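The questions below ask how certain labels are earned. Each answer sets a value against a definition.

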Amino acid sequence: MTSKLQDKRTSLIDPFGRQIEYVRLSVTDKCNFRCFYCLPEGFNNFEQPEHWLTFDETERVIKAFTKLGVKRVRITGGEPLVRKNVTELSARLNQLPGLDDLSLSTNASLLDRHAQDLFDSGISRINVSLDTLHADRFKKITGGELQPVLDGLMAAKIAGFKPVKINMVAMKGINDDEFEDMVEFCLKHDFTLRMIETMPIGSTGVNASKHYLDLQKVKQQLSERYELIPGVMPGGGPARYVQVKGTDLRIGFITPISQHFCETCNRVRLSVDGTLYLCLGQEHKVELRPLLRQGISDEDLQQAILEAIAIKPERHDFNASPGKVVRFMSMTGG
Ligand code: SAM
Ligand code: SF4
């Protein structure tokens, strides 16, 4: 019995030798913001509630993944905190044997009121999207208000999340004069900063490539003001970190375009409708919801996941075919 399970665990390795140990779990495709690089303005064509995986179904799929060796889950969306009772789900996932690391990505607009419950439910790490510290720019980028996000960030700190990571999408002509201000903000509040290159995902109505900024240049710019030394950060993600010498501040650079990291990709994404996406930048997918609703056994569910991993593509095509993926980031689960 043990050896059979052991075989399955080692076989959650894709055709390119990558061990899949991380699931991004989208609990909703809805969002109360409309970040222009993620969702088109006025977009409202969201998945119907009867297609959402229930918490029971979600827990079942994640349990199957943990049986196959997955150790990390990040709850995301859309905006995960617009899904009702999401702390009930996180508490249930936190009980799953083998799951070592439960984290959350949020726009933080609703975090103020949920931070403590999320922390108490077992989420240990949190990432907050914040591209600017200017309220007017924030409104232009997201369509939402800055102040609740800042309140949410402070609530996360008070609740005990450590580290609190800030995700800043670096955009030419939008926030490229704010990198040093964001570094100072993170130094002041003891946050970790991660910068992300804009990816051409979905047809949001805005040409994301127009705002693309090579983060190698941003790093160079920051090194003229700060002494940057090599840094490390736990988390299993693709960010390459530096540390500001003499401080605890780590800055991560996520460079899907200028230096793709597909060869070390260890993740898959489960969307709210139960579709398993094998790559953020490709269409390869397997629909698990019909299988769940047809009464698939636990063993066959694990088998379906193993078969899905066998079609994980080698890499995205963002450089060669920008705009190839038509679904939005909020749908796949960023
Ligand atoms: N709503 C949550 C949030 O904003 O953090 C979680 C979901 S969001 C899709 C996850 C991450 O994807 C965010 O950090 C966001 O900035 C990033 N993102 C969305 N669209 C992107 C794009 N076109 N290029 C780069 N990053 C993007
Ligand atoms: Fe919503 Fe996050 Fe997408 Fe912004 S990046 S629209 S907050 S899902």
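Two strands count as paired if DSSP finds at least two bridges between them. The model discussed here is predicted.

Q: What makes β6 and β9 a strand pair?
A: The definition asks for at least two bridges. β6 and strand β9 (residues 250-254) have 4 bridges, in the parallel sense, so they pair by the definition. In one of these positions, R194 has G252 of β9 as its bridge partner.

Q: How do you know that β5 and β6 are paired, and in which sense do they run?
A: Strand β5 (residues 164-170) is joined to β6 by 6 bridges, and the two run parallel. The cut-off is at least two bridges, so β5 and β6 qualify as a pair. V169 stands opposite I196 in β6.

Q: Why is β6 called largely enclosed?
A: A residue is buried if its relative accessible area is under 20%. In strand β6 (residues 192-197), 6 of the 6 residues meet that condition, so the rest of the structure largely encloses the strand. Neither face is left open: T192, R194 and I196 are buried on one side, and L193, M195 and E197 on the other.

Q: What handedness does the unit of β5, α7 and β6 have?
A: The β-α-β unit made by β5, helix α7 (residues 179-189) and β6 is right-handed. The label means that, with the strands pointing away from the viewer, the path from the first strand over the helix to the second runs clockwise.

Q: Why is D190 called partly exposed?
A: Its relative accessible area is 43%. Partly exposed covers values between the buried limit of 20% and the exposed limit of 50%, so D190 falls in that class. D190 lies in the loop between α7 and β6. Its phi is near 65 degrees, a positive value in a residue other than glycine.

Q: What makes a positive phi worth noting in a residue that is not a glycine?
A: Most residues other than glycine have a negative phi. A108 is another case, with a positive phi of about 70 degrees. A108 sits in the loop between β3 (101-106) and α4 (111-120).

Q: Is A108 buried or exposed?
A: A108 has 0% relative accessibility, so it counts as buried.

Q: How do you know that the peptide bond from K162 to P163 is cis?
A: Its omega is near 5 degrees. Most peptide bonds are trans. P163 belongs to the loop between α6 (147-159) and β5.

Q: Why does Q221 count as partly exposed?
A: Its relative accessibility is 33%, and the class lies between 20% and 50%, so the label holds. Q221 is in helix α8 (residues 215-225).

Q: Which residues does Q221 touch, not counting those up to four places away in sequence?
A: They are D176, F179 and E180; contact means heavy atoms within 4.5 Å. Q221 and F179 are 42 residues apart along the chain, and their C-alpha atoms are separated by 9.1 Å.

Q: How do you know that the length of α2 agrees with the expected span?
A: Helix α2 (residues 55-67) has 13 residues and should span 18 Å at 1.5 Å a residue; its end C-alpha atoms are 18 Å apart, so the two values agree. Among the buried residues of α2 are F55, V61, I62 and F65. G69, with a positive phi near 110 degrees, follows the helix.

Note on methods. Residues numbered from 1 in each chain as written. Chains lettered and ligands numbered in written order. Predicted model: local features only at pLDDT ≥ 70, side-chain atom pairs only at ≥ 80, totals over all residues. Heavy atoms only, no water. Buried < 20%, exposed > 50% of the residue type's maximum accessible area, 1.4 Å probe, protein only. Expected span 1.5 Å × (residues − 1).
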